[in-house]
Amino acid sequence: MTEQSASAVPTNQAPAPSNSSPGTPPAAAAAKILIKGFKYQGSETVSPGATISVVNEDIEAHSITADTGAAFDATIKAGDGSFTAPAEPGTYPYHCIFHGNMKGTLTVK
């Protein structure tokens with residue numbers, strides 16, 4: 001008669017880390033506005049005071065200028081730029097001072 005035994009090999013490896021922990025909110029998406037074809041795209045809602053990156057894929061400069069007040073006014077040449085969202089929550093319509101047909105809305109909350 002032969003003796004057969006199953007031997008368990010203990011493992012000292014920790015479980016693989018997961019990408020999210022229970023109770024941890026997902027990371028916020030980066031605030032980004034794309035300007036392409038003389039249109040604004042992206043980042044309609046941002047946190048107060050967030051830095052908003054802007055990528056202008058057009059060959060002409062554009063602005064992101066609040067329709068009322070001085071909440072923000074940034075000129076973005078072809079390439080990359082950024083501006084800071086207002087600290088006060090609210091809805092901020094904006095336009096391009098160079099191209100009157102370009103309009104967007106930024107919600108801060």
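pLDDT is the predictor's confidence in each residue, on a scale from 0 to 100, and it is a sensible first colouring here, since this is a predicted model.

**Colour by confidence.** The chain averages a pLDDT of 83, with 73% of the residues scoring at least 70. Within the strands the values are high: in the chain, confidence is lowest in strand E3 (residues 45-46), at a mean of 96, and highest in strand E5 (residues 62-66), at 98. Now select residues 5-21, where pLDDT stays under 50 and the model has zero contacts beyond four places in sequence. Residues 23-27 can be added to that selection, as their pLDDT is also below 50 and the stretch has zero contacts in the model beyond near neighbours in sequence.

**Select the four-stranded sheet.** Show the strands in the order E2-E1-E4-E7, which make up an open sheet with mixed pairing. At the edges are strand E2 (40-41) and strand E7 (79-84), each of which pairs on one side only. Inside the sheet, strand E1 (residues 32-35) and strand E4 (residues 51-56) run parallel and are joined by four bridges; to find one of the contacts between these strands, select isoleucine 35, whose bridge partner in E4 is asparagine 56.

**Step back to alanine 31.** This residue is found in the segment before E1. Is alanine 31 buried or exposed? Alanine 31 is buried, with a relative accessible area of 15%, and, leaving aside residues up to four places away in sequence, it touches Ser43, Val46, Thr51, Ile52 and Ser53. A distance label between the C-alpha atoms of alanine 31 and alanine 85 should read 9.6 Å, although these two residues are 54 residues apart along the chain.

**Find the salt bridge.** A search of the whole structure finds one salt bridge, which glutamate 57 forms with lysine 36, the closest N and O atoms being 3.8 Å apart. Glutamate 57 lies in the loop between E4 and E5, while lysine 36 lies in the loop between E1 and E2, so the pair ties together parts that are 21 residues apart in sequence. When a surface is switched on, glutamate 57 counts as partly exposed, at 47% relative accessibility, and lysine 36 is likewise partly exposed, with a relative accessible area of 44%.

**Move on to E5.** Five of the five residues of E5 are buried. With the side chains displayed, His62, Ile64 and Ala66 point one way from the strand, whereas Ser63 and Thr65 point the other way. Which strands does E5 meet? Four bridges join E5 to strand E6 (residues 73-76) in an antiparallel arrangement, and two bridges join E5 to strand E8 (residues 90-95), also antiparallel. To inspect these pairings residue by residue, select isoleucine 64, whose bridge partner in E6 is alanine 74, and then alanine 66, whose bridge partner in E8 is tyrosine 94. The hairpin of E5 and E6 has six residues between the strands, and in that hairpin glycine 69 takes a positive phi near 70°.

**End with the aromatic rings.** Display Tyr40, Phe72, Phe83, Tyr92 and Tyr94 together, since these residues form one aromatic cluster; over the whole structure, a search finds four aromatic pairs. Tyr94 has already appeared on this tour, as the bridge partner of alanine 66 in E8.

Conventions:
Residues numbered from 1 in each chain as written. Predicted model: local features only at pLDDT ≥ 70, side-chain atom pairs only at ≥ 80, totals over all residues. Heavy atoms only, no water. Contact = heavy atoms within 4.5 Å. Pairing = 2+ DSSP bridges. Buried < 20%, exposed > 50% of the residue type's maximum accessible area, 1.4 Å probe, protein only. Phe/Tyr/Trp six-rings, centres within 6.5 Å; stacked < 30°, edge-to-face > 60°. Salt bridge = Lys/Arg side-chain N within 4 Å of Asp/Glu carboxyl O.
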